[in-house]
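Let's take a walk through this model, starting where protein and DNA come together and ending in the protein interior. Have a look at it first.

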Protein chains: 2
Amino acid sequence: MDDSLSRTFAALADPTRRAMLVRLSKGEATVNDLAEPFLKEMSLPAVTKHLKVLERAGLVTQSKDAQRRPRKLEGERLKHALDWIEQYREIWEESFDRLGEYLKTVQAAKKTPTKGKKNGRKR
Amino acid sequence: MDDSLSRTFAALADPTRRAMLVRLSKGEATVNDLAEPFLKEMSLPAVTKHLKVLERAGLVTQSKDAQRRPRKLEGERLKHALDWIEQYREIWEESFDRLGEYLKTVQAAKKTPTKGKKNGRKR
DNA sequence: AGTTTAATTAACTCACTAGTTAATTAACTT
DNA sequence: AAGTTAATTAACTAGTGAGTTAATTAAACT
């Protein structure tokens with residue numbers, strides 16, 4: 001796991017980190033802000049480590065404000081990840097189409113019911 | 001890492017597995033087909049393991065053909081992953097907009113050059 | 001100067017990941 | 001029935017990930 005895209009996906013593969021990104025999408029936040037919802041589940045250093053993962057992936061950057069280190073969401077790597085997945089769009093859209101076709105068939109069958117299996121048609 | 005989205009992102013966080021998905025997007029393939037490009041770098045059982053990861057994430061399914069076990073790409077989980085990232089679209093689009101604004105400013109500055117910094121205008 | 005706040009670093013543990021080779025299963029071929 | 005092909009399972013190892021507590025750094029407050 002050494003390339004940028006792998007680091008991005010690996011960073012996204014954790015619910016705590018995803019929740020932090022959601023929080024950051026609402027605006028900058030300090031470590032304490034980000035940690036607050038998780039302090040029942042984990043310690044502050046654990047949060048710092050999650051932030052390190054997000055930073056190494058380029059999803060988040062820090063700035064400085066006295067002893068605070070506000071974090072900010074960076075969109076670029078998210079866009080790269082989205083672009084990679086995007087290339088498969090037709091895969092799920094085509095199975096959606098097939099589902100649509102199937103539903104149409106079922107509908108049609110209901111409207112013109114046939115007596116036996118003999119009359120089952122294939123579009 | 002227990003939920004579906006985490007498993008999906010974790011599965012995508014490896015270049016070998018992403019390459020396998022690219023191959024599968026071109027159509028069904030057997031384990032040997034999928035392994036072939038990687039056999040200089042890793043063994044067949046390693047490939048089987050990568051496939052297990054993709055299957056546990058629901059990205060790939062198997063079928064049966066004699067002793068072959070052809071794999072097929074399933075789009076649904078990819079769509080879920082894309083949908084999750086999609087919620088951040090405005091993050092990168094707004095920074096793109098800011099870049100656009102900046103470039104416009106630079107352009108404008110070139111067209112109507114000023115003498116000193118006194119005349120530097122903001123938007 | 002001493003204390004509090006904000007965050008990180010150090011050192012350690014445990015579980016999981018990614019790989020290995022060797023053995024096994026399952027189905028087809030001769 | 002014996003051999004080949006296709007793939008998986010078993011057993012193991014090295015490295016990494018996610019967490020812990022304790023100690024440390026850095027800046028602000030009194």
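A polar contact here is a pair of N or O atoms within 3.5 Å. Keep that in mind as we go, and remember that this is a predicted model.

With that cut-off in hand, look at B:Asn32: an N or O atom in its side chain sits 2.8 Å from a phosphate oxygen of DNA strand D. B:Thr48 also uses a side-chain N or O atom, this one 3.2 Å from a phosphate oxygen of the strand. B:Arg69 does it with its backbone, where an N or O atom is 3.4 Å from a phosphate oxygen of DNA strand D.

Now zoom out a little. There are 24 residues around DNA strand D, and those that come nearest are A:Ser43, A:Lys49, A:His50, B:Asn32 and B:Arg71. Of the strand's atoms that come within 4 Å of the protein, 71% belong to sugar and phosphate. Which helix gives the most to this surface? That's α4(B), with 5 residues. At least two residues each come from α4 (44-56) of chain A and from α3 (31-35) and α4 (44-56) of chain B. Sorted by class, the surface near the strand has 9 charged, 8 nonpolar and 7 polar residues.

Next, head for the largest nonpolar core, which has 60 residues. A:Phe9, A:Leu21, A:Ile85, B:Phe9, B:Leu21 and B:Ile85 touch the most other members. This core lies between domain 1 (4-78) and domain 2 (82-112) of chain B, because both give residues to it. Try B:Leu21 as a stopping point: leaving out residues up to four places away in sequence, B:Leu21 touches A:Trp84 and A:Tyr88, along with B:Leu12, B:Leu54, B:Leu59, B:Val60 and B:Leu73.

Note on methods
Residues are numbered from 1 along each chain as its sequence is written. Chains are lettered from A and ligands numbered from 1 in the order in which they are written. This is a predicted model: local features need pLDDT of at least 70, side-chain atom pairs count only at pLDDT 80 or more; totals for chains, interfaces and linings use all residues. Side-chain values use heavy atoms; hydrogens and water are left out. A residue is near a molecule or strand if one of its heavy atoms lies within 4 Å of it. A polar contact is a pair of N or O atoms within 3.5 Å; within protein, one must be able to donate a hydrogen and the other to accept it, and residues adjacent in sequence count only if both atoms are side-chain atoms. Helices (H or I, at least four residues) and strands (E, at least two) are DSSP runs, numbered from the N terminus. Ala, Val, Leu, Ile, Met, Phe, Trp, Tyr, Cys and Pro count as nonpolar, Asp, Glu, Lys and Arg as charged, and the others, Gly among them, as polar. A nonpolar core is a set of buried Ala, Val, Leu, Ile, Met, Phe, Trp, Tyr and Cys residues joined through side-chain atoms within 4.5 Å. Buried means under 20% relative accessible area, exposed over 50%, partly exposed in between (1.4 Å probe, protein chains only). Domain bounds come from an automatic or database domain assignment. Contact means heavy atoms within 4.5 Å.
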